[in-house]
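Visitor: I should like to learn how to read a structural model feature by feature. Where should one begin?

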Amino acid sequence: MDVSRPVLAGAAVLLGLVLGPWLSRTAGRLAAQAAAAPRRDVVVTALTAGLLCAAALFGGLRPIAAGLLWVAGAAVVLGAVDLAVHRLPDRVLLPAAGVFVLAAVVDAAVLGTWWPLVRAVLAAAAAFAVSAGAAAISPTALGFGDVKLLGLLGLVLGWFGWGVLLAGVFLGLLVGAAVSVLLVTTGRAGWRSTVPFGPPLLAGAVLALAIGAVPPG
């Protein structure tokens, strides 16, 4: 194993431990929850450390890693807010997309990864268009925040490949269905209850990256 990988992973974990409490408070403000939430702080910090570590390992020592790290931090906030108030705020989604595009452009300029950049943009457009159509047909099943999240995930997963994108969407739907069934069978929700779709989509994206992500060289 390259010595730089454990060092990179360790640095990312430390960064996550430092940023985690701040991201937890940010999620609380966005969800209009002023009260302190120690349990949320612990969960968010642990997730942040884990996701930043994964992002650092996926990206390696190259420009795209900066975009992946930013999106990983944004994903933690988005998931926490969506669980709390069923909302995916633009002030988190849009900067994450912008930073990832900037990182991908720099990566392309330095390493020549122009096709992954083009593929990422095409994948984002396709994911956004298809999900926007689904939301127009069934607004109660898919909100516009979910549509924008799928656009962001299309951008990130598409950079790694079409197969990773399709796997991420499929796994996100699978996780969402499993969570819905679990909530219904345990009596915590009914068949007509609204279940936040952001966290399952984010979980599916992480699983897809863990299974099949190979950074373009």
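Guide: Let us begin with charge, bearing in mind that this is a predicted model. The protein carries 12 positive and 6 negative charges, and the mean positions of the two sets are 7 Å apart.

Visitor: How many helices and strands does the secondary structure contain?

Guide: The protein has eight helices and zero strands. Read along the sequence, the pattern is α-α-α-α-α-α-α-α. The radius of gyration is 17 Å, close to the 17 Å that the globule rule gives for 217 residues, so the protein is as compact as a globular protein of that length. The C-alpha trace spans about 50 × 40 × 30 Å along its principal axes.

Visitor: What share of the residues is buried, and what do the contacts add to that picture?

Guide: A residue counts as buried when its relative accessible area is under 20%. By that criterion, buried residues make up 45% of the 217 residues. Among contacts with a separation of 6 or more, 75% join residues 24 or more positions apart. As for the surface, the protein exposes about 10900 Å², of which carbon and sulfur atoms supply 74%.

Visitor: Which residues of helix α1 illustrate burial, and what do they touch?

Guide: Three residues serve as examples. Gly 20 is in helix α1 and, at 0% relative accessibility, counts as buried. Leaving out residues up to four places away in sequence, Gly 20 touches Val 44, Thr 45 and Thr 48. Ser 24 is also found in helix α1, and its relative accessibility of 0% makes it buried. Beyond its neighbours within four places in sequence, Ser 24 is in contact with Arg 40, Asp 41 and Val 44. Gly 28, again in helix α1 (residues 4-30), is buried with a relative accessible area of 1%. With the same exclusion of neighbours within four places, Gly 28 is in contact with Gln 33 and Arg 40.

Visitor: How far apart in space are Gly 28 and Val 130?

Guide: Their C-alpha atoms are 31 Å apart, and 102 residues separate Gly 28 and Val 130 in sequence. Likewise, Gly 20 and Gly 163 are 143 residues apart along the chain, with their C-alpha atoms separated by 31 Å.

Visitor: How does one judge the length of a helix, for instance α2?

Guide: One compares the distance between the end C-alpha atoms with the span expected at 1.5 Å a residue. Helix α2 (residues 38-59) has 22 residues and reaches 31 Å, close to the expected 32 Å. For α3, the 22 residues should span 32 Å, and the end C-alpha atoms are 31 Å apart, which agrees. Helix α8 (residues 198-212) has 15 residues and an expected span of 21 Å; its end C-alpha atoms are 21 Å apart, again in agreement.

Visitor: What covers the buried residues of α2?

Guide: The cover includes α1, α3 (64-85), α6 (144-160) and α8. The buried residues of α2 include Arg 40, Val 44, Thr 45 and Thr 48. Arg 40 is thus a buried residue of α2 that is in contact with Ser 24 and with Gly 28. In α8, the buried residues include Gly 198, Pro 200, Leu 201 and Leu 202. Helix α3 is mostly covered, with 16 of its 22 residues buried.

Visitor: What is notable about the phi of His 86?

Guide: Most residues other than glycine have a negative phi. His 86 has a positive phi of about 55 degrees although it is not a glycine. This residue comes just after α3, in the loop between α3 and α4 (90-111). At 40% relative accessibility, His 86 counts as partly exposed. A positive phi, near 70 degrees, is also found at Gly 60, which follows α2.

Visitor: Is Leu 117 buried or exposed, and which residues does Leu 117 touch?

Guide: Leu 117, in helix α5 (residues 114-137), counts as buried at 11% relative accessibility. Not counting residues up to four places away in sequence, Leu 117 touches Ala 104, Val 105, Ala 108 and Trp 159. Leu 117 and Ala 72 are 45 residues apart in sequence and 19 Å apart in space, C-alpha to C-alpha.

Definitions and conventions:
Residues numbered from 1 in each chain as written. Predicted model: local features only at pLDDT ≥ 70, side-chain atom pairs only at ≥ 80, totals over all residues. Heavy atoms only, no water. Helix = DSSP H or I, 4+ residues; strand = E, 2+ residues; numbered from the N terminus. Rg over C-alpha atoms; globule rule 2.2 N^0.38 Å. Buried < 20%, exposed > 50% of the residue type's maximum accessible area, 1.4 Å probe, protein only. Contact = heavy atoms within 4.5 Å. Areas by Shrake-Rupley, 256 points an atom, 1.4 Å probe, with all protein chains shown as cover. Lys, Arg positive; Asp, Glu negative; His and termini not counted. Charge placed at Lys NZ, Arg CZ, Asp CG, Glu CD. Expected span 1.5 Å × (residues − 1).
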